Amino acid sequence: MQINFYQGQHIGQREEQQDALGNLVLSPQHKLYVLADGMGGQHGGQIAGKTVVAAFLGHFQQHGLHEAEQDLRQALQQANQALADTLRRQPELEGMGTTVIAVVVDETDNRYSYISVGDSPLYSYNQGSLRRINANHAFAEDLKRMVAAGEISSEAAERHPARHAVTSAVMGKDIAHIDCASGTLAPDELLLLASDGVQTLSDEEIGQTLAAASGSLEDKVNALLAVVQAKQHPHQDNTSLILVQASAEQAASATQVRSLPTQSLPANESVPTTRISGSPPSAPPAPGFPIKGLIIGFILGALLVGTWWFTSDRTALPMPPNEDIPAASAPMMASSPAASLPASSEPHKPAFPSSVSEPPAAASHPKSPPAASVPLLPIPPLTPRDSSAPQTR
């Protein structure tokens with residue numbers, strides 16, 4: 001299947017855009033998509049999001065793709081270390097962090113692999129059904145389990161001040177929770193990477209909007225952003241979307257070797273001689289000399305001459321008077337033309353080149369080695385955005 005995508009953003013009611021998006025073609029059949037939702041106060045969230053996205057792209061650009069899930073884990077370690085290095089240089093940014101979703105899609109077998117940290121959702125939309133694929137690292141999930149266990153009422157859970165806090169994030173420290181898995185895409189199935197700004201809409205509204213929009217991925221992304229804006233939420237967060245589709249129409253592989261069509265000859269034609277590619281076609285052979293006709297004509301002519309010889313009057317002609325012809329007066333016979341050629345003469349032999357040069361074979365390039373793991377710095381647990389409570393979104 002052919003993989004297509006479209007991405008879009010809206011700033012919402014925030015002063016700056018702290019979401020970051022990235023995508024990269026890893027090979028003709030493999031694509032990478034990354035979304036980060038930064039947090040950490042003025043400028044801190046924006047720096048965190050951009051740093052992590054750049055680190056993911058940089059990891060795959062440097063090391064390539066070998067095994068998708070392992071490569072995604074190594075890229076996450078490199079991104080986390082990049083944030084730790086930034087905090088070491090700019091300690092005033094302490095507390096910044098970001099969620100992240102990264103997806104690698106393989107067109108050859110319709111597989112995808114993802115890694116995610118935080119509460120940014122990764123959805124699948126197929127045949128009118130929307131479902132969340134990745135784990136939700138948010139305190140709201142803990143509240144749901146507490147409600148199910150009877151430890152807290154649903155009303156209290158809805159009013160809990162930390163219900164939107166994240167329980168895991170990329171902050172240059174130990175990462176509490178990481179979700180990494182793989183799946184298979186059905187024809188025309190959609191993958192939606194989103195920041196939590198889209199969750200101003202319910203899952204039902206997201207699915208209905210995708211269904212109502214036209215077949216264009218651009219139209220679907222723009223429709224979702226428009227519905228979010230139409231809600232006019234007074235504290236609307238940044239909203240970022242990457243919509244990926246596995247198209248049912250199979251595109252020709254960019255690495256496929258295309259050979260010239262083979263033409264068959266009619267039965268009464270001989271096999272042509274080998275011709276160098278790019279040279280003009282050989283001239284058609286001259287028609288053959290009628291040897292058979294020549295032999296028949298010669299035989300008929302010989303019969304006619306023989307018949308005439310045996311049937312004609314062969315009376316000797318009268319001889320001239322008997323006179324001796326002096327030998328000296330006999331005319332000289334003309335010398336043979338062959339006699340005039342030098343004895344050592346030989347036909348001229350034209351010189352031909354002894355060999356034809358051929359272009360050198362293309363040089364092969366060594367494959368890049370797999371990426372090495374980057375050690376994480378042991379740092380205390382997550383710190384909140386604005387208070388000592390769990391990290392709020």
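**Exercise 1.** Which residue in β9 stands opposite Ser113? Place this pair within its sheet.

*Solution.* The model is predicted: local features require pLDDT of at least 70 and side-chain atom pairs count only at pLDDT 80 or more, while totals for chains, interfaces and linings use all residues. Residues are numbered from 1 along each chain as its sequence is written, and side-chain values use heavy atoms, with hydrogens and water left out.

Step 1. Ser113 stands opposite Ser182 in β9. Strands here are DSSP runs of E with at least two residues, and helices are runs of H or I with at least four, numbered from the N terminus.

Step 2. β5 (residues 111–117) and β9 pair in the antiparallel sense over six bridges; two strands count as paired if DSSP finds at least two bridges between them.

Step 3. The open sheet has five strands in the order β2-β3-β4-β5-β9, with antiparallel pairing. Its edge strands, β2 (19–27) and β9 (179–184), each pair on one side only.

**Exercise 2.** Determine how helices α1 and α2 are oriented on this sheet.

*Solution.* Step 1. Helix α1 (residues 44–63) packs on the sheet and touches β2, β3 (30–39), β4 (97–106) and β5, contact meaning heavy atoms within 4.5 Å. The direction of α1 makes about 160 degrees with that of β3; axes are lines fitted to C-alpha atoms, for helices over the stretch in contact, and angles run from 0 to 180 degrees between N-to-C directions.

Step 2. Helix α2 (residues 68–89) lies across β3, β4, β5 and β9, and runs at about 25 degrees to β5.

Step 3. After α1 comes Gly64, whose phi is positive, near 75 degrees.

**Exercise 3.** Describe the second sheet and explain why its edge strands each have a side without a neighbour.

*Solution.* Step 1. Five strands form an open sheet in the order β1-β11-β10-β6-β7, and the pairing is antiparallel.

Step 2. β1 (2–10) and β7 (129–132) stand at the edges; each has a single partner strand, so one side of each is left without a neighbour in the sheet.

Step 3. β6 (residues 122–126) and β7 pair in the antiparallel sense over four bridges, and the bridge partner of Tyr123 in β7 is Arg132.

Step 4. Helix α5 (residues 203–212) packs on the sheet, touching β6, β7, β10 (190–194) and β11 (239–247), and its direction makes about 50 degrees with that of β6. Helix α6 (residues 217–230) also packs there, touching β1, β10 and β11, with its direction at about 25 degrees to that of β1.
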